[in-house]
Amino acid sequence: MSARPLSGVRVCDLSGQLAGAGATKYLAAMGAEVIRVEDPIRQGQWDLLRGIGPFVDERRGINLGGGWNNHNLEKLGVTINLKLDEGKDLLRRLIGASDIVTENFSAGALARLGFTYEAMRDIRPDIIYVSNSGFGHGGPYTAFKSWGPIVQALSGLTATSRLPGQPPAGYGLSYMDHHGANYMTVAILSALIHRQRTGAGQWIDMSCVEAGASFIAVLIADADLGGTAPAELVRHGSNRGRSPDMVPHGVYPTAGDDNWVAIACRDDNDWNALAKFIGEDWAQDARFAELRGRIDAEDELDGALQGWTRRHDRRSIAAELPRRGVPAAIVARPNERIDEDPSVSAWNLFPIVTHSEIGKVRVEGFPIHLAKTDWHVERGGPCLGEHNDVVFGDLLGLSPDEISGLRERKVI
Amino acid sequence: MDGPLAGIRVVELAHPHVEVTGKLLGCLGADVVVVERPDGAESRRRGPFVTAKSGAQASVSWSVNNVSKRSVVIDTVRPADRDLLAQLVASADVVLDGHDVDRHPFGLDRRSALANHAGLVWTSVTPYGVDDPRNAEPVTDLTLTAGGGLVWSCGYDDHALPPVRPGGDQSVQTSSVWAAIGTLTAIWHRMRTGDGQLVDVSMHAAVNITTEQASYEWLVAGTIVNRQTGRHAAVEPTQSPFAVGKDDRLVHTGVPPRSIREYQTLLTWLRELGAESEVSDLLFLEMGAETGVEYDAIGSDPIATAIYGAGREAMLVLAASQTGKDYFLGAQRRGLSAGIVYEPGEVLDDPHLVERAFAVTVDDPVIGPMRMPGPPFRSPASPWQVTRPAPGLGEHTAEVVASLAPAGSEA
């Protein structure tokens with residue numbers, strides 16, 4: 001195992017769901033000591049994924065949720081009841097021992113418990129505190145609730161995923177939970193670098209809606225300038241190739257049930273190669289030889305092309321066209337892109353970890369490899385309060401009797 | 001005030017796959033020098049285009065994705081330029097590269113650069129990772145998002161319609177954030193040890209792990225999700241979260257109500273609008289106001305399922321009784337999650353983002369003043385900020401040459 005770059009960095013992690021926990025998962029995989037703090041009274045279920053499926057077998061329970069495990073690898077888990085003064089004292093001690101505090105409650109929730117940035121800075125002057133919420137702190141929507149699909153609706157992402165003549169399809173996932181976590185990671189690493197240079201911590205306020213807008217920044221700027229790109233996207237749908245113009249460019253049905261192949265002709269050479277591969281008269285139509293003609297006859301061309309793809313196997317198309325220089329890929333099902341893709345296997349993108357109760361289970365790794373200081377995961381997410389003794393005893397110096405007392409008084 | 005990367009030089013070898021990362025690092029304070037060939041970066045010729053001040057067509061894409069950078073032109077046919085590029089790389093803390101090492105248009109060899117410069121961070125963004133022979137195959141955003149799994153999860157309930165690739169080059173966007181994460185991690189490590197290294201970013205892998213439960217449903221339970229209109233792809237079908245306001249605006253009803261308080265709020269709001277009679281299962285809504293509903297019981301317990309469905313229906317009725325904006329604001333002000341579906345042109349003018357001064361206006365020398373999304377996070381001690389508009393082709397060649405060349409020499 002290579003050296004881990006964030007060793008020696010400790011995170012007091014009050015975050016959850018994917019939008020928060022995904023960020024601290026990366027930090028933990030890079031060697032940070034991430035201490036995930038959960039509520040013992042609600043059994044950590046502020047995080048909707050705690051104890052929720054998928055499950056590896058017929059067992060059910062608060063520690064067995066597959067998504068929760070995936071997002072909390074390599075972390076330590078403690079429970080603290082923050083409604084009690086003793087619990088707040090315990091959190092203060094943990095913050096004092098930490099470099100970073102992370103959370104993604106609704107804006108202001110942690111402050112209402114007494115943990116403002118100023119209060120944390122009094123405990124530890126160089127603390128880095130990162131708040132990640134849907135709308136950020138400040139502004140008329142500060143108290144509003146959100147999750148991935150709402151962020152995507154307001155940031156313009158939902159509207160820019162669609163077919164012509166249809167309402168928006170949006171995203172079939174909480175895309176901005178992933179990228180909320182990813183931008184939170186960028187924010188944390190930037191703040192660490194700043195602190196290393198200057199010695200100063202800071203409070204970072206992150207709004208997932210604002211981060212989401214950056215994912216379609218060009219479309220937003222174009223619309224603001226009176227450009228036509230967003231209207232073209234509505235008219236043609238997002239599967240077609242605009243900016244730059246590419247025709248044919250789409251997702252086409254193939255033989256079998258719900259089987260699809262994506263084909264993108266970037267230029268006339270690509271089209272000529274595709275037309276030759278198709279080998280039928282319609283594909284030799286002189287109108288299609290140049291881009292302008294293909295754009296003018298795009299509906300007709302797409303219709304003819306899908307008439308051809310329907311009679312063929314998507315895998316053979318996706319295997320053969322790239323060899324001829326034409327971009328093509330199957331619309332991969334999860335099993336196909338996870339289990340049947342040699343690039344993914346070579347990357348070790350889905351490693352196996354061991355969870356205390358679940359056992360061995362496959363999880364998502366990361367799409368980057370650092371040659372000298374790479375990520376490493378082998379331990380699953382913590383069971384509820386699994387590391388109370390280690391963290392409160394070894395780290396904070398409480399005696400076994402003191403920890404027992406905290407348990408009896410339902411502080412932990 | 002300086003960004004966190006003040007003093008860090010990034011040499012970006014112009015390529016569409018690394019320009020968003022370069023912008024992010026530049027806005028975080030790095031001195032990003034984008035290296036272009038004499039014919040200019042490919043992105044300069046990529047739309048969408050608007051009519052520039054001069055009357056010519058100008059790329060919005062270039063002007064948005066290349067702020068906070070300087071531009072240097074290198075003609076690799078000229079030995080002096082090759083020397084200049086070598087000096088530039090030698091001066092760099094980070095090189096951003098989207099090219100395949102075997103077909104490198106700048107003739108650079110990352111292996112020897114890394115060997116010769118112990119502190120250099122070389123971030124390479126390729127379709128499948130630097131050592132994968134599949135990089136020889138052509139890709140586009142469409143094929144990367146299809147092969148990586150994003151497209152499988154997006155689309156409509158009607159599976160006669162094709163699955164959908166979201167707009168905005170999301171394979172590039174996703175890879176770009178990961179390239180930034182890897183680069184920042186490597187910079188952090190270098191600050192502590194002096195050691196540089198290769199950061200290898202696979203675009204295919206980046207898309208592949210950005211599919212939320214589609215991946216872990218398969219990894220954990222061996223089940224496959226299927227696309228649905230406007231909501232999470234799921235193993236078992238779920239109800240649509242979309243509702244339509246009386247002005248035909250599309251709203252998203254967010255996480256459906258489950259708590260007693262949420263059901264009580266829905267009932268009260270319906271009564272305020274005189275619309276409770278339009279809910280067919282009012283009895284179940286009233287039961288929800290007494291008991292709430294447990295997440296685990298939805299789908300298995302018929303009563304719980306009916307209560308859950310009544311909450312959904314109440315939201316649809318409420319949305320249809322008012323404009324989309326009124327529903328969004330009314331729901332949120334009552335503590336119920338909701339969103340309104342904005343077109344791209346509406347985002348920057350939302351009152352919340354206006355009050356937060358989110359948009360930045362950049363005085364682009366070609367296009368003129370243009371607004372674009374601002375900081376993805378607010379870090380007051382080391383802020384994200386646009387330091388300059390997107391550069392003209394080779395606009396900074398002379399000043400960069402002067403800063404590199406020994407006094408009196410001619411590069």
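Start with the largest nonpolar core, a set of 158 residues. Select A:Tyr26, A:Leu27, A:Tyr183, A:Val186, B:Leu5 and B:Tyr327, which have the most contacts inside this core. Then add helix H7 of chain A, residues 175–198: H7(A) gives the most to the core, with twelve residues. Keep in mind as you go that this is a predicted model.

**Stop 1: A:Val186**

Center the view on A:Val186 and show what surrounds it. Which residues does A:Val186 touch, not counting those up to four places away in sequence? They are B:Leu24, B:Leu28, B:Val177, B:Ala180, B:Ile181, B:Leu184 and B:Phe377.

**Stop 2: A:Ile193**

Stay on helix H7 of chain A and move to A:Ile193, which is placed in that helix. Is A:Ile193 buried or exposed? Its relative accessible area is 2%, and the cut-off for buried is under 20%, so A:Ile193 is buried. Leave aside its neighbours within four places in sequence, and the residues in contact with A:Ile193 are B:Pro4, B:Leu5, B:Leu184, B:Ile187, B:Trp188 and B:Met191. You have already selected one of these, B:Leu5, as a residue with the most contacts inside the core.

**Stop 3: H1 against H7 in chain A**

Now display helix H1 of chain A, residues 17–29, together with H7(A). The two pack at an angle of about 45 degrees, and their axes are 7 Å apart. H1(A) and H7(A) are therefore oblique to each other. The crossing in which H1(A) passes H7(A) is right-handed.

To see the contact itself, show side chains on both helices:

- From H1(A), select A:Leu18, A:Ala19, A:Gly20, A:Gly22, A:Ala23, A:Tyr26 and A:Leu27.
- From H7(A), select A:Asp177, A:His178, A:Gly180, A:Ala181, A:Met184, A:Thr185, A:Ile188 and A:Leu189.

Color these by class, and the contact of H1(A) with H7(A) divides into nine nonpolar, five polar and one charged.

**Stop 4: H1 against H7 in chain B**

Switch to chain B and pick helix H1, residues 19–27, and helix H7, residues 170–193. What is the angle between them, and how far apart are their axes? H1(B) and H7(B) pack at about 45 degrees, with axes 8 Å apart. That makes H1(B) oblique to H7(B). H1(B) passes H7(B) in a right-handed crossing.

On the H1(B) side, the contact is made by B:Val20, B:Thr21, B:Leu24 and B:Leu25. On the H7(B) side, select B:Gln173, B:Ser176, B:Ala179, B:Ala180, B:Thr183 and B:Leu184. Sorted by class, the contact of H1(B) with H7(B) has six nonpolar, four polar and no charged residues. B:Leu24, B:Ala180 and B:Leu184 may look familiar: they are among the residues that A:Val186 touches.

**Stop 5: H10 against H12 in chain B**

Next, in chain B, select helix H10, residues 260–272, and helix H12, residues 302–320. They pack at an angle of about 35 degrees, with their axes 10 Å apart. The crossing of H10(B) and H12(B) is left-handed.

From H10(B), show B:Tyr263, B:Leu266, B:Trp269 and B:Leu270. They meet B:Ile307, B:Tyr308, B:Gly311, B:Ala314, B:Met315, B:Val317 and B:Leu318 in H12(B). By class, the contact of H10(B) with H12(B) has ten nonpolar, one polar and no charged residues.

**Stop 6: B:His252**

Find strand S12 of chain B, residues 250–252, and select B:His252 within it. With a relative accessibility of 3%, B:His252 counts as buried. Which residues is B:His252 in contact with, leaving aside neighbours within four places in sequence? From chain A there are A:Pro149, A:Ile150 and A:Ala153. From chain B there are B:Gly230, B:Pro241, B:Phe242, B:Ala338 and B:Gly339.

**Last stop: zoom out**

Finish with both chains in view.

| | Chain A | Chain B |
|---|---|---|
| Secondary structure | 18 helices and twelve strands | 16 helices and 15 strands |
| C-alpha box along the principal axes | roughly 85 × 50 × 40 Å | roughly 90 × 50 × 45 Å |
| Buried residues | 63% of 412 | 62% of 411 |

Contact maps are worth a glance too. Among contacts between residues at least 6 apart in sequence, 67% in chain A join residues at least 24 apart. For chain B, 68% of such contacts join residues at least 24 apart.

Methods
Residues numbered from 1 in each chain as written. Chains lettered and ligands numbered in written order. Predicted model: local features only at pLDDT ≥ 70, side-chain atom pairs only at ≥ 80, totals over all residues. Heavy atoms only, no water. Core = buried A, V, L, I, M, F, W, Y, C linked by side-chain atoms within 4.5 Å. Buried < 20%, exposed > 50% of the residue type's maximum accessible area, 1.4 Å probe, protein only. Helix = DSSP H or I, 4+ residues; strand = E, 2+ residues; numbered from the N terminus. Contact = heavy atoms within 4.5 Å. Axes fitted to C-alpha atoms, helices over the stretch in contact; angles between N-to-C directions. Parallel < 35°, antiparallel > 145°, perpendicular 65-115°, else oblique. Left-handed = near helix turned anticlockwise from the far one by under 90°. Nonpolar A, V, L, I, M, F, W, Y, C, P; charged D, E, K, R; others polar.
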